[in-house]
Amino acid sequence: MKYVCELCGTIYDEQLGDPKHKVRPGTAFSDLPDYYECPTCGSEKEAFSLIRPPHSTSGQESTGYWHKLKYQAEKSESDR
């Protein structure tokens with residue numbers, strides 16, 4: 001699963017871990033210590049949200065992240 005920092009957009013991918021904080025690949029987000037911080041902006045663990053596709057209705061969603069991706073895609077197309 002992947003989680004996004006709602007403050008800066010950094011993604012924590014459980015498959016990749018976090019080399020900066022020496023978190024091994026395969027480490028579940030729930031297994032990270034409570035004091036875990038975003039490697040980019042230093043935000044607390046609570047700033048991260050589970051990334052789910054926009055059509056998903058279960059669990060915590062990161063709608064801000066998906067709107068940001070959509071905006072970036074639309075902007076890229078309009079720049080062509």
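Two exercises with worked solutions follow, one on a charged pair and one on a threonine.

The structure is a predicted model, in which local features need pLDDT of at least 70 and side-chain atom pairs count only at pLDDT 80 or more, while totals for chains, interfaces and linings use all residues. Residues are numbered from 1 along each chain as its sequence is written, and side-chain values use heavy atoms, with hydrogens and water left out.

**Exercise 1.** Find which side chains meet in a salt bridge, and state where in the chain they lie.

*Solution.* Begin with the criterion, which asks for a side-chain nitrogen of Lys or Arg within 4 Å of a carboxyl oxygen of Asp or Glu. A search of the whole structure finds one such bridge, and its partners are K2 and D13, with 3.9 Å from N to O. This pair links distant parts of the chain, since K2 belongs to strand β1 (residues 2-5) and D13 to strand β2 (residues 11-13), 11 residues apart; strands here are DSSP runs of E, at least two residues long, numbered from the N terminus.

**Exercise 2.** Decide whether T10 is buried or exposed, and describe how T10 is placed relative to T40.

*Solution.* First locate T10, which sits in the loop between β1 and β2. Next compare its relative accessibility of 15% with the cut-offs (buried under 20%, exposed over 50%, partly exposed in between, using a 1.4 Å probe and protein chains only): T10 therefore counts as buried. Finally, turn to T40, which is 30 residues from T10 in sequence, with 6.7 Å between their C-alpha atoms.

Technical notes
Helices (H or I, at least four residues) and strands (E, at least two) are DSSP runs, numbered from the N terminus.
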